[in-house]
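Biologist: I should like to learn how to read the features of this fold. Would you take me through them in turn?

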Amino acid sequence: MIRVKFLYQNDCLLGFDMQGHAGAGEYGFDIVCSAVSVLSINTINSLEQLLHVKPHIISNEKNGGLLKVTLNENDILNPEVKLLMDSFKLGLTDIEKNYGEYIKIKDR
């Protein structure tokens, strides 16, 4: 199961901590894992390449599937950064609604 915890500072979305593997299918055919991976990587790439924001990233695919992303305090006040992070959260929330047995989100 993928477990996602959204991180906040002063009611602003500061980042997320994601751990685990979905287990919704065989390796390479797990649609939940694929969807979560695409949203995560696209959000990070968009922050870096479109908004020139450098998030702090900790990643370890082998030992439990860890991805932790945190933004700097100044960046979370940027409306464009907020929009990207809110979009990421919306996408994961929709995946949880449809595949709740494979992903759990802790929000606050």
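Modeller: Certainly. Please bear in mind that this is a predicted model. A convenient place to begin is one pair of strands: strand E3 (residues 56–60) and E4 are joined by five bridges, and they pair in the antiparallel sense.

Biologist: Which residue of E4 is the bridge partner of Ile57?

Modeller: The bridge partner of Ile57 in E4 is Val69. Val69 is also the bridge partner of Phe16.

Biologist: How does strand E2 pair with strand E4, and over how many bridges?

Modeller: Strand E2 (residues 12–19) pairs with strand E4 (residues 66–70) in the antiparallel sense, over five bridges. Within E2 and E4, one may also look at Gly15, which stands opposite Thr70.

Biologist: In what order do the strands form the sheet?

Modeller: To read a sheet, one follows the pairing from strand to strand. Here five strands form an open sheet, ordered E3-E4-E2-E1-E5, and the pairing is mixed. E3 and strand E5 (103–107) are the edge strands, since each of them pairs on one side only. From one strand to the next, the twist averages 15 degrees.

Biologist: Which strands does H1 lie across, and at about what angle does H1 run to E4?

Modeller: H1 lies across strand E1 (2–9), E2, E3, E4 and E5. Its direction is at about 30 degrees to E4.

Biologist: Let us turn to single residues of the helix. Is Ser46 buried or exposed?

Modeller: For this, one compares the relative accessibility with a cut-off: buried means under 20%. Ser46, in helix H1 (residues 31–49), has a relative accessibility of 10% and therefore counts as buried.

Biologist: What lies 2.8 Å from a polar atom of the side chain of Ser46?

Modeller: That is the backbone oxygen of Asn42. When residues up to four places away in sequence are not counted, Ser46 touches Leu51 and Leu84.

Biologist: Why does Leu47 count as buried?

Modeller: Leu47, which also lies in helix H1, counts as buried because its relative accessibility is 0%.

Biologist: With which residues is Leu47 in contact, leaving aside its neighbours within four places in sequence?

Modeller: Leu47 is in contact with His52, Val53, Pro55, Leu71, Val81, Leu84 and Met85. Leu84 is thus a contact of both Ser46 and Leu47. A separation along the chain can also be set beside one in space: Leu47 and Asp75 are 28 residues apart along the chain, and their C-alpha atoms are separated by 9.9 Å.

Notes: Residues are numbered from 1 along each chain as its sequence is written. This is a predicted model: local features need pLDDT of at least 70, side-chain atom pairs count only at pLDDT 80 or more; totals for chains, interfaces and linings use all residues. Side-chain values use heavy atoms; hydrogens and water are left out. Two strands pair if DSSP finds at least two bridges between them. Helices (H or I, at least four residues) and strands (E, at least two) are DSSP runs, numbered from the N terminus. Buried means under 20% relative accessible area, exposed over 50%, partly exposed in between (1.4 Å probe, protein chains only). A polar contact is a pair of N or O atoms within 3.5 Å; within protein, one must be able to donate a hydrogen and the other to accept it, and residues adjacent in sequence count only if both atoms are side-chain atoms. Contact means heavy atoms within 4.5 Å. Axes are lines fitted to C-alpha atoms, for helices over the stretch in contact, and angles run from 0 to 180 degrees between N-to-C directions.
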